[in-house]
Amino acid sequence: MLTSQRKQYLMDVLRRDGQIVATKMSAELGVSEDTVRRDLRELAKEGLLQRVHGGALPASPALADFATRHGIATDDKAAIGRAAAALVQPGQVVFVDGGTTCAQLVRALPRRLGATVVTHSPSIAMELMDHPDIEVIMLGGRLFRHSAVGVGAATLEAIAQIRADTYFMGVTSVHPESGLSTGDYEEACIKRALCHAAAETVVLASSEKLATASPYRIVGLSEISGMVVPAATGEEVLRPYREMGIALTLAAH
């Protein structure tokens, strides 16, 4: 089998099974595990998959830059934003992540809601300019342009001074086994700190992020309490999360 044919087979298996196990592929293809791992490295360089211990998982299209992500799953993100906004109660202090889905959340908040939003995203803060009863606290730090959020030591120090009711987390990848992950190391550190500084964490995940993996782990799924996902998501995809006791909010268009 030619290298190109072998790689195509690997991608077919990934789409069919949702994962690649290197030892199994080595036996099926009659090649060494080193050959399979080399193929996976090359496919990963092309952004077609995410290598993990023992094989590979689907890569998330949400690793694209901020401008590109605005055009991905727009209807799903709007629905998720509305459903997540309904979870915010008057008087609460909430962390709101950066990103396109969280932008939909703050747009859907009632204009006269009395609450406090803490964010490390300038764009999220600007979305709340016309919400007179929402107190907006901005966390400082170095601007990470890819996601339009603050990162670094100053951001971590500011997070440590706040205890929020809920953290609405945006991610690039959610996987039942690999947990929550994203494409930048420092951004993962900030998300992890926000998670640990909130009484509960609710993950906002459009369909293209589910059952995928990214390079930098944030936390395991045992550390979150809920997820907001599109209502059209298949039950076979959602079942592992239900079995973990994660509260699922289904967002209808």
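1. UniProt positions are given here in the numbering used for this chain, and its annotations may be inferred rather than shown by experiment. The model itself is predicted. With that in mind, the UniProt record, an unreviewed entry, lists "domain: HTH deoR-type" for residues 3-58. Over that stretch the chain is 64% helix and 18% strand. The C-alpha atoms at its two ends are 20 Å apart.

2. Next, the sheet. An open sheet is built from 7 strands, with parallel pairing, and the order across it is β6-β5-β4-β9-β12-β14-β15. The edges are taken by β6 (134-138) and β15 (247-251); each has a single partner strand, so one side of each is left without a neighbour in the sheet. From one strand to the next, the twist averages 20 degrees.

3. One pairing can be followed at residue level. Strand β4 (residues 93-96) runs parallel to strand β5 (residues 115-119), and 3 bridges join the two. Val93 has Thr116 of β5 as its bridge partner.

4. A helix packs on this part of the sheet. Helix α9 (residues 185-196) lies across β4, β9 (164-170) and β12 (198-204). Relative to β9, helix α9 runs at about 150 degrees.

5. How many aromatic pairs does the structure hold? There are 2. In one of them, Phe95 and Tyr167 meet edge-to-face, with 6.3 Å from centre to centre and 85 degrees between the planes. Phe95 belongs to strand β4 and Tyr167 to strand β9, so this pair ties together parts that are 72 residues apart in sequence. Both Phe95 and Tyr167 are buried.

6. Tyr185 and Tyr216 also form a pair. Their ring centres are 6.0 Å apart and their planes stand at 75 degrees; because planes over 60 degrees apart count as edge-to-face, this pair is edge-to-face. Tyr185 sits in helix α9 and Tyr216 in strand β13 (residues 216-217), so the pair links distant parts of the chain, 31 residues apart.

7. Are the residues of this second pair buried or exposed? Tyr185 has 52% relative accessibility and therefore counts as exposed, the cut-off being over 50%. Tyr216, at 35% relative accessibility, counts as partly exposed. Phe95 and Tyr167, by contrast, are buried.

8. To bring the points together: helix α9 lies across β4 and β9, the strands that hold Phe95 and Tyr167. Helix α9 also holds Tyr185, whose ring pairs with that of Tyr216 in strand β13.

How values were computed. Residues are numbered from 1 along each chain as its sequence is written. This is a predicted model: local features need pLDDT of at least 70, side-chain atom pairs count only at pLDDT 80 or more; totals for chains, interfaces and linings use all residues. Side-chain values use heavy atoms; hydrogens and water are left out. Helices (H or I, at least four residues) and strands (E, at least two) are DSSP runs, numbered from the N terminus. Two strands pair if DSSP finds at least two bridges between them. Axes are lines fitted to C-alpha atoms, for helices over the stretch in contact, and angles run from 0 to 180 degrees between N-to-C directions. Contact means heavy atoms within 4.5 Å. Rings of Phe, Tyr and Trp (its six-membered ring) pair if their centres lie within 6.5 Å; planes under 30 degrees apart count as stacked, over 60 as edge-to-face and the rest as tilted. Buried means under 20% relative accessible area, exposed over 50%, partly exposed in between (1.4 Å probe, protein chains only).
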